[in-house]
Amino acid sequence: MELDGRVVVVTGGTRGVGAGIARSFLAAGADVIVCARRPPDREVAADGRKAAFTPVDLRDPAAVHAFFDTVAHRHGRLDCLVNNAGGTPYRLLGEGEAQRHARVVELNLLAPMTASLTAYPWLRQARGSVVMIGSVSGTRPSPGTAAYGAAKAGLENLARSMAVEWAPDVRVNSLVLGMVRTELAHLHYGDETGIASVGATVPLGRLAEPADVGEAAVFLASDRAAYISGASLLVHGGGERPAFLDAATVNKEN
């Protein structure tokens, strides 16, 4: 299998996009360790293989260091770090104190930086890679999730700088995600009708599945991407149809 013998850490890999990424790496033959603050409701598995779970608060630098020390001790190597953990509640800027917004930045930008810096010695030894899980929220206005969008914009820039500083030993790339259908999709898009309606706004006609993201992450971690570093791969189904096209009163298709 493509990644036989490789060791991969997926942060926030216990559900949703993270679990989809972990399953794709398992299917590609990698040994996968997922971490999060709480254990998964069910084991993350694919093709009869299971991901190992370790509880970690990624906002605690001491805990992050202890986690990667344990991974290196148990497995003897680390080939890829997928910085997936993150997220945010819907909160307009004027409805929350600055400290609340700062915690969103801490989780979505500072925690991936801490994890990457901590993992770097082992990634360098293996000539491995880092995959940042970004968002289109970092490339366009993000009302209601402004701190999250700002953090994701910073994460993409961080990845590009890391790619330059850590070359040629460690490759660093980003996946810039659009909307993904997970077990929490209803919190963002509503019931099945709402999810279908939102999916219809995407040029490819649907939301991404976690497996779509996972396959892209496996590619970036594999030898097929050996000359790709500092890149941002859009995984958004073609993006969003510009609103002005529907508002205009000319050039309508019959």
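# A walk through a predicted model

Asp47 sits in the loop that joins strand 3 (45-46) to strand 4 (49-50). The model is predicted, and this loop is a good place to start reading it. Is Asp47 buried or exposed? Asp47 counts as exposed, because its relative accessibility is 62%. Its backbone also deserves a look. Asp47 is not a glycine, yet its phi is positive, at about 55°. Most residues other than glycine have a negative phi.

Arg127 tells a similar story. Look for Arg127 in the loop between helix 3 and strand 7 (129-135). Phi of Arg127 is near 50°, again a positive value in a residue other than glycine. With a relative accessible area of 52%, Arg127 is exposed. The cut-off for exposed is over 50%.

Now turn to another backbone feature. Which peptide bond is cis? The bond from Ala167 to Pro168 is cis, and its omega is near 0°. Most peptide bonds are trans. Pro168 belongs to the loop between helix 4 and strand 8 (171-177).

Helix 4 brings us to the helices. Helix 3 spans residues 98-126, and helix 4 spans residues 146-166. These two pack with their axes 8 Å apart, at an angle of about 20°. Why are helix 3 and helix 4 called roughly parallel to each other? Angles under 35 degrees count as roughly parallel, so helix 3 and helix 4 fit that description. Their crossing is right-handed.

Which residues make this contact? On the helix 3 side they include His101, Val104, Val105, Asn108 and Leu109. Pro112, Met113, Ser116, Leu117 and Tyr120 in helix 3 also take part. On the helix 4 side, Ala147, Tyr148, Ala151, Lys152 and Gly154 are among them. Leu155, Leu158, Met162 and Trp166 in helix 4 belong to the contact too. By class, the residues of the contact of helix 3 with helix 4 are 14 nonpolar, four polar and one charged.

A second helix pair can be read in the same manner. Helix 1 covers residues 16-27, and helix 7 covers residues 210-221. Their axes come within 7 Å and cross at roughly 50°. That angle makes helix 1 oblique to helix 7. The crossing of helix 1 and helix 7 is right-handed.

The contact can be followed residue by residue. Helix 1 contributes Gly16, Val17, Gly20, Ile21, Ser24 and Phe25. Helix 7 contributes Pro210, Ala211, Val213, Gly214, Glu215, Ala217, Val218 and Ala221. Sorted by class, the contact of helix 1 with helix 7 has nine nonpolar, four polar and one charged residues.

Step from helix 1 into the loop that leads to strand 2 (31-36), and you find Ala28. Ala28 is buried, with a relative accessible area of 10%. How many residues separate Ala28 from Gly194 in sequence? The answer is 166, and the two are 34 Å apart in space, C-alpha to C-alpha.

Next comes strand 5 (residues 52-55), which holds Thr54. Thr54 counts as buried because its relative accessibility is 19%, and the cut-off for buried is under 20%. What does Thr54 touch? Leaving out residues up to four places away in sequence, Thr54 touches Ile33, Val34, Cys35, Ala36, Phe67 and Arg74.

Beyond strand 5, the loop to helix 2 (61-75) contains Asp60. Asp60 is partly exposed, with a relative accessible area of 34%. Asp60 and Arg38 are 22 residues apart along the chain, and 14 Å separates their C-alpha atoms.

One of the residues that Thr54 touches is Cys35. That raises a last topic, the cysteines. A disulfide is a covalent bond between the sulfur atoms of two cysteines. How many disulfides does a search of the whole structure find? The search finds zero. Why does Cys35 form no bond with Cys80? The closest cysteine sulfur to that of Cys35 is in Cys80, and it is 13 Å away, so it is too far for a bond. A disulfide needs the two sulfur atoms within 2.5 Å. Cys80 is likewise in no disulfide, since its nearest cysteine sulfur is that of Cys35, 13 Å away. Both residues are buried: Cys35 has a relative accessible area of 0%, and Cys80 has one of 1%.

Conventions
Residues numbered from 1 in each chain as written. Predicted model: local features only at pLDDT ≥ 70, side-chain atom pairs only at ≥ 80, totals over all residues. Heavy atoms only, no water. Buried < 20%, exposed > 50% of the residue type's maximum accessible area, 1.4 Å probe, protein only. Axes fitted to C-alpha atoms, helices over the stretch in contact; angles between N-to-C directions. Helix = DSSP H or I, 4+ residues; strand = E, 2+ residues; numbered from the N terminus. Parallel < 35°, antiparallel > 145°, perpendicular 65-115°, else oblique. Left-handed = near helix turned anticlockwise from the far one by under 90°. Contact = heavy atoms within 4.5 Å. Nonpolar A, V, L, I, M, F, W, Y, C, P; charged D, E, K, R; others polar.
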